[in-house]
Amino acid sequence: MILFRASVNAMNNSLETLNDPQRQAVETIDGAVLVIAGAGSGKTRVLTERIAHIVRDHGVSPFNVLAFTFTNKAAREMKGRIERACPGIFDLLWVGTFHSTGVRILRRHGERIGVGRDFSIYDSDDSLNLVKGIISRSIMDGRVVKSPRALRDRISRFKNELITPQMAAEEASNNVDTRIASMYAEYEKELRRANALDFDDLIGRVVELFSIDEDARLNYARRFKYILVDEFQDTNPIQMAMIDALASYHGNLFVVGDDDQSIYSWRGAKVEHILDFEHVYPKTTLIRLEQNYRSTKTILEAANHVIAHNVGRKSKTLWTDGAQGENIKLLVSMDEEGEAVNVIQAVREHIGAGVSLKEIAILYRTNAQSRAIEDVLKMSSIPYQIIGSVRFYERMEVRDILAYCKVLVNPADTVNLKRIINVPKRGIGKTTFERLDMVALDRDKSIIDVLRSDGGGISSAAASRCRSFLEVFARLEARVASEVAPRAIEFIVEELKYYEYLNQNYPDSEGRIENVEELISAAHSFAESAENKSLAAFLEEIALVADVDALDLESGQLTLMTLHNAKGLEFECVFITGIEEGLFPHFNSIDDEAAVEEERRLFYVGMTRSKMHLYLSMAGMRRRMGQIDGSVPSRFLYEVPEHCLDAPIERRFRGGDSRESAGAGSLWNQWGDSGASTAQAHPDYESFSQEIQGYQVGMRIRHDNYGSGVVRRVEGSGEQTRVTVIFDRGDERKFLAQFAPMRPL
DNA sequence: TGGTAGAGGCTTTTT
DNA sequence: GCCTCTACCA
């Protein structure tokens with residue numbers, strides 16, 4: 001995995017090659033500017049040219065410019081391009097994500113609101129551990145939350161919508177909400193005690209700082225004469241509050257977005273920020289970029305047609321001068337294995353036709369779908385990279401070492417101390433740790449402090465084990481403070497005899513050791529380029545890397561990733577897999593019109609990633625959580641105009657009279673002409689008989705007693721067929737299909 | 001305290 | 001189907 005790498009794309013920086021609205025977007029530098037930029041309309045280019053223009057042609061110091069991007073990778077690329085247009089500004093210009101910008105501000109001014117200089121950054125896994133501790137400590141009368149995960153997400157949602165624990169408590173209308181509010185308060189308290197900030201705090205506490213400390217706000221608001229925001233449709237209220245504060249002095253705020261590409265409302269993003277922008281910032285200049293430079297006419301027409309099904313949008317239509325291009329291809333396979341084989345087969349054809357692997361991407365709705373494809377890829381000789389399935393920094397061995405690093409930098413970090421105090425095994429168990437934690441809480445000290453003073457009054461056996469941990473820790477501490485990050489990590493691994501520990505405890509230790517070595521080499525490459533090479537600086541760098549940041553488009557590999565991760569990217573050839581009801585649109589969205597619209601936007605994002613070749617792929621049945629479910633083609637497929645497809649949908653799915661033979665109306669009759677050979681070899685015809693019963697996942701039904709609903713799962717076959725239905729009124733029930741007074745609608 | 005086995009839940013999407 | 005948590009025993 002390559003973690004730190006600058007892009008080497010060359011680009012033409014002359015303003016003459018911009019079209020009229022693009023040039024207007026570059027040159028209108030004063031006041032508020034809202035750019036509605038369709039997919040592939042040259043938005044990135046406008047952003048970079050605009051910054052170059054401000055600095056080069058208006059003599060503004062790059063010190064006075066701030067730009068927000070959606071990923072660190074986008075930030076790096078943008079900086080690279082600007083540096084090429086006007087060399088020497090690199091160190092002065094601030095370009096980054098909301099999170100990394102927040103960290104920068106908090107490292108400087110956080111102490112004014114009680115954020116210690118050496119704060120830890122808790123990623124979602126750290127947050128989850130913190131939440132688990134809180135749940136297990138709280139006295140529960142019945143189950144208040146579905147899962148620790150659910151509580152963590154709920155808290156995150158509160159924070160992103162600027163709701164404090166107090167507000168949550170006041171708004172709580174029932175017992176459950178009250179309990180949740182108090183656990184939220186507890187969570188905040190624990191974070192402070194650990195001198196840690198979670199992802200949301202990196203923005204939220206900046207907002208807090210700016211609202212409390214006028215001096216700090218003015219310091220930044222005066223400095224940033226020009227502020228730019230990319231992917232504006234995906235900003236949430238807390239980010240908007242940060243933008244508003246930063247723009248509060250000069251008001252030269254430039255935002256670019258596309259309401260049709262808003263795909264993050266589930267994490268609090270509000271398209272309303274686009275729709276309301278002109279009211280919040282009066283005298284806004286509105287610019288539309290509607291000429292697409294990326295895709296063929298066919299792809300654009302199909303995408304436009306699909307997105308037109310959404311009602312709540314600012315109407316716009318992308319157009320292109322480009323070629324008509326070939327039709328969109330449909331791949332129909334029996335199951336996910338067959339789908340993988342068919343997709344890879346098509347990939348091979350494109351390689352054969354001279355398409356470079358780095359220009360091909362396979363996209364899917366959920367990470368779980370990558371597995372089947374990867375299995376087939378492993379058997380082929382095609383090099384590939386998967387973005388985001390098993391994340392490097394989430395591997396157990398990597399987390400262990402990083403947890404040591406985090407505690408060494410910030411000894412108050414309880415969550416990570418808990419992780420390492422017994423790694424390698426020292427006989428310090430849960431009971432001991434909890435007792436120490438209680439004592440620490442009582443004395444308002446860190447656990448390390450307690451151990452160092454009197455050991456917290458734990459039993460002598462446990463105390464001596466803790467002393468051995470303290471000795472190791474002290475040796476590490478003495479060494480690590482003065483070392484650069486890679487040496488520090490090497491020293492930790494050595495001192496712990498960590499490889500021996502892995503060898504003794506894990507049969508797959510070889511791969512784990514490789515991962516630790518990869519971490520060390522990441523630290524080395526960090527130290528080569530970074531100014532501050534300390535362990536703390538390294539931790540900060542990697543805390544904020546997203547999966548897409550690791551994406552290497554120059555490596556000549558095939559890329560697999562979720563549709564969400566594909567935002568902002570483009571490829572010659574794109575496969576969108578799993579175009580099935582219940583998967584895409586996802587089942588959790590299927591009965592909520594607003595949610596379906598977001599899924600549709602996601603589909604639109606996927607389609608518009610493609611420059612030339614676009615494939616839509618589906619499987620007739622699919623394994624979901626161990627069950628095999630039959631599937632129905634996604635409604636989105638029928639929203640693609642027929643003449644844009646390589647074969648009429650009718651003939652492929654609806655041919656013949658469905659009563660004539662059981663399989664005629666389904667996906668199954670496609671095995672012959674486009675199913676893979678593995679698909680035919682598959683012995684499981686269970687779903688075939690589901691056809692006889694006439695129920696399929698995603699289908700709407702009516703039940704005489706319960707009203708209408710949607711089929712969620714079909715299990716068994718023939719007389720044994722059981723159908724799980726979620727009814728519109730909210731409850732879920734399971735029936736034997738042959739007896740239930742129920743029929744498809 | 002640590003190890004194991006069985007149960008249960010889980011998957012939407014991410015900085 | 002896989003991962004994580006819990007219960008129980010050594």
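This briefing covers a protein chain, the two DNA strands beside it, and selected parts of its interior. The model is predicted. Chain A has 745 residues, and buried residues make up 57% of them. Its secondary structure comes to 30 helices and 21 strands. Of the contacts in chain A with a separation of 6 or more, 73% join residues 24 or more positions apart.

**DNA strand B**

- There are 30 residues around DNA strand B. Those that come nearest are Arg365, Thr431, Thr432, His586 and Asn588.
- Sugar and phosphate supply 52% of the strand B atoms that come within 4 Å of the protein.
- The surface near DNA strand B divides into 15 polar, eight charged and seven nonpolar residues.
- Threonine 432 faces the backbone of the strand: an N or O atom in its side chain is 2.4 Å from a phosphate oxygen of DNA strand B.
- Arginine 267 pairs with a base instead. An N or O atom of its side chain is 3.3 Å from a base oxygen of DNA strand B.
- Histidine 564 also pairs with a base oxygen of DNA strand B, with a polar side-chain atom 3.5 Å away.

**DNA strand C**

- Lys132, Arg371, Arg623, Met625 and Gly626 surround DNA strand C.
- These residues divide into three charged, one polar and one nonpolar.
- Sugar or phosphate accounts for 44% of the strand C atoms within 4 Å of the protein, and bases account for the rest.
- Lysine 132 places a polar side-chain atom 2.4 Å from a phosphate oxygen of DNA strand C.

**The largest nonpolar core**

- This core holds 56 residues. Phe469, Ile489, Tyr498, Leu519 and Phe538 touch the most other members.
- Helix H21 (residues 460–480) gives the largest share of the core, nine residues.
- In general, nonpolar side chains tend to be buried together in soluble globular proteins.
- Leucine 519 touches Phe392, Tyr393, Val398, Ile401, Leu402, Ile489 and Phe538, leaving aside residues up to four places away in sequence.
- Among these contacts, Val398, Ile401 and Leu402 are buried residues of helix H17.

**Helix H17**

- H17 (residues 396–409) has 14 residues. From its first C-alpha to its last it reaches 20 Å, close to the 20 Å expected.
- Of its 14 residues, 12 are buried, so H17 is largely enclosed by the rest of the structure.
- The buried residues include charged ones: Glu397, Arg399, Asp400 and Lys406.
- Also buried in H17 are Ala403, Tyr404, Cys405, Val407 and Leu408.

**Helix H9**

- H9 (residues 199–212) also has 14 residues. Its reach is 21 Å, close to the 20 Å expected at 1.5 Å a residue.
- H9 is mostly covered, with 10 of its 14 residues buried.
- Among the buried residues of H9 are Asp200, Asp201, Arg205, Leu209 and Phe210.
- At the start of H9, a side-chain oxygen of aspartate 198 comes to within 3.1 Å of the backbone nitrogen of aspartate 200.

**Serine 610**

- Serine 610 is found in strand S14 (residues 610–619).
- Is serine 610 buried or exposed? Serine 610 counts as buried because its relative accessible area is 0%, and buried means under 20%.
- Apart from residues up to four places away in sequence, serine 610 touches Arg294, Ser295, Ile299, Phe571, Glu572 and Val574.

Note on methods: Residues are numbered from 1 along each chain as its sequence is written. Chains are lettered from A and ligands numbered from 1 in the order in which they are written. This is a predicted model: local features need pLDDT of at least 70, side-chain atom pairs count only at pLDDT 80 or more; totals for chains, interfaces and linings use all residues. Side-chain values use heavy atoms; hydrogens and water are left out. A residue is near a molecule or strand if one of its heavy atoms lies within 4 Å of it. A polar contact is a pair of N or O atoms within 3.5 Å; within protein, one must be able to donate a hydrogen and the other to accept it, and residues adjacent in sequence count only if both atoms are side-chain atoms. A nonpolar core is a set of buried Ala, Val, Leu, Ile, Met, Phe, Trp, Tyr and Cys residues joined through side-chain atoms within 4.5 Å. Buried means under 20% relative accessible area, exposed over 50%, partly exposed in between (1.4 Å probe, protein chains only). Helices (H or I, at least four residues) and strands (E, at least two) are DSSP runs, numbered from the N terminus. Contact means heavy atoms within 4.5 Å. The expected span of a helix is 1.5 Å times one less than its number of residues.
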